[in-house]
Amino acid sequence: MQITDHRTKQFSHRLKDFFASSRCSARFFMTWFSPASTFGPRERICVESIFKFHPLACVVIVSRSLDTERGDCILRPFIDSGYHIMAAAPDLPSLFENTSAEIWFRRLKEGQVDPGGISLSQNLSNLLRLVILFKFGGIYVDTDVIVLRDFSNLSNSIGAQGTHASGQWNRLNNAVLIFDESHPILLQLIRDFTSHFQGSKWGHNGPYLVSRVIKKIKNTNSFNLTILPSKAFYPASWHIIGRWFHSPKHEMERQWKAAKLQELQLETYAVHLWNKQTKMLVVERDSILAELFQRCCVFCDG
């Protein structure tokens, strides 16, 4: 459970000062609940990809472990290169104020909510991204999302993860969320999270949450909400993304790779790498991801 100290108490003020002083072209948010030592090359290339296509953006990584001297060392190359990035330890009680998350979090701390068998940090991340966007507005991306183009023409958008043969979406995902401050959909998502929280059911408080809430809305246009096709953020599902890590072995695979890269250039804003399934995979030379990493890096190896 969170321990409040001077850094966390200053969270909202630090963010407001950061945004005001940086004159951001866009606000990007990430969360990181793991130790700073595990924020590795894949996470750093995800951050690089944001700045590649949004060089004047502000990036906030909501994280206690990165809001440290060790975290500063990790982020220092970005800061020294003139990019606007900060890590900030969250003040959860203050952030959750005036939403249904406030009572839910208090009951959780008092032992009245069963945290379940899934990592509490994972479920808190699902809630935290909703509340931060509700309070500040901007773009949330998971730390395993590679940005491939400018997001400036997107607003109040969420991406489909899967679709029926008819083209109608059957599941949404919360790895990328783009919302204005105080958007009413966010308030509905927060309420559903706190009302129907299940800590032992994978996805219930994340992808399934956004899917079931938005499925109830008959007219998304009335909420100023855009559902983007799966190719926007999830061009490869979790069970086939592994192919993108491997270099082509023969001419047919090389042709497939070339066609896929062309398709991504035309239709895709970002790629979710599904770290839960791929964290042990190595990006092979000449693979799709090797080429994408080279396209979206700002500290490139050449």
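**Exercise 1. Helix H2 and its two sides**

Helix H2 is followed by Arg-23, a residue with a positive phi near 50°. In this predicted model, determine which residues of H2 are buried and which are exposed, and state where H2 lies relative to strands E1, E2 and E3.

*Solution.* Begin with the extent of the helix: H2 comprises residues 11-22, that is 12 residues, and reaches 16 Å from its first C-alpha to its last, close to the 16 Å expected at 1.5 Å a residue. Next, sort the residues by accessibility, taking under 20% relative accessible area as buried and over 50% as exposed. The buried residues in H2 are Phe-11, Leu-15, Phe-18, Phe-19 and Ser-22. Because these residues cover an arc of only 95° around the axis, they fall on the same side of H2. Lys-16, Asp-17, Ala-20 and Ser-21, by contrast, are exposed on the other side of the helix. Finally, place the helix against the strands: H2 lies across strand E1 (27-31), E2 and E3, and runs at about 175° to E3.

**Exercise 2. The sheet**

Give the order of the strands in the open sheet of 7 strands, and identify which strands stand at the edges.

*Solution.* The order is E3-E2-E1-E4-E7-E6-E8, and the pairing is mixed. Reading off the two ends, strand E3 (84-88) and strand E8 (226-228) stand at the edges; each has a single partner strand, so one side of each is left without a neighbour in the sheet. Neighbouring strands of this sheet are turned by 35° against each other on average, when direction is ignored. As a general point, strands of a sheet pair through backbone hydrogen bonds, either parallel or antiparallel. At the E8 edge, strand E6 (residues 157-163) and E8 run parallel and are joined by 3 bridges. Within that pairing, Gly-159 has Leu-228 in E8 as its bridge partner.

**Exercise 3. Salt bridges between separate elements**

For the salt bridges Asp-67 to Arg-14, Asp-142 to Arg-129 and Lys-257 to Glu-291, state which parts of the chain are linked, and classify each residue as buried or partly exposed.

*Solution.* The model has 12 salt bridges in total, and the three pairs are taken in turn.

1. The side chains of Asp-67 and Arg-14 meet at 2.7 Å, N to O. This pair links distant parts of the chain, since Asp-67 is in the loop between strand E2 (58-62) and helix H4 (69-80), whereas Arg-14 is in helix H2, 53 residues apart. Asp-67 counts as buried because its relative accessibility is 12%, while Arg-14, at 24%, counts as partly exposed.

2. The side chains of Asp-142 and Arg-129 form a salt bridge at 3.3 Å, N to O. Asp-142 lies in the loop between strand E4 (138-141) and strand E5 (145-147) and Arg-129 in helix H7, so the bridge ties together parts that are 13 residues apart in sequence. Asp-142 is buried at 15% relative accessibility, and Arg-129 is buried at 6%.

3. The side chains of Lys-257 and Glu-291 meet at 3.5 Å, N to O. Here the linked parts are helix H11 (residues 251-267), which holds Lys-257, and helix H13 (residues 288-296), which holds Glu-291, with the two residues 34 residues apart. Lys-257 counts as buried at 10% relative accessibility, and Glu-291 as partly exposed at 29%. Salt bridges with shared partners join Lys-257, Asp-286, Glu-291 and Arg-295 into one network.

**Exercise 4. Two loop residues**

Compare the surroundings of Thr-143 and Pro-115, and decide how accessible each residue is.

*Solution.* Thr-143 lies in the loop between E4 and E5. Thr-143 counts as buried because its relative accessibility is 12%, below the 20% cut-off. Leaving aside neighbours within four places in sequence, Thr-143 is in contact with Met-30, Thr-31, Trp-32, Phe-39, Arg-42, Glu-43 and Cys-46.

Pro-115 belongs to the loop between helix H6 (100-109) and helix H7 (120-136), and with a relative accessible area of 32% Pro-115 is partly exposed. Not counting residues up to four places away in sequence, Pro-115 touches Leu-108, Leu-120, Asn-123, Phe-197 and Gly-199. One of these contacts, Gly-199, is 84 residues apart from Pro-115 along the chain, yet the C-alpha atoms of the two residues are separated by 5.1 Å.

Notes:
Residues are numbered from 1 along each chain as its sequence is written. This is a predicted model: local features need pLDDT of at least 70, side-chain atom pairs count only at pLDDT 80 or more; totals for chains, interfaces and linings use all residues. Side-chain values use heavy atoms; hydrogens and water are left out. Helices (H or I, at least four residues) and strands (E, at least two) are DSSP runs, numbered from the N terminus. Buried means under 20% relative accessible area, exposed over 50%, partly exposed in between (1.4 Å probe, protein chains only). Contact means heavy atoms within 4.5 Å. The expected span of a helix is 1.5 Å times one less than its number of residues. The arc is that of the directions from the helix axis to the C-beta atoms. A salt bridge is a side-chain nitrogen of Lys or Arg within 4 Å of a carboxyl oxygen of Asp or Glu. Two strands pair if DSSP finds at least two bridges between them. Axes are lines fitted to C-alpha atoms, for helices over the stretch in contact, and angles run from 0 to 180 degrees between N-to-C directions.
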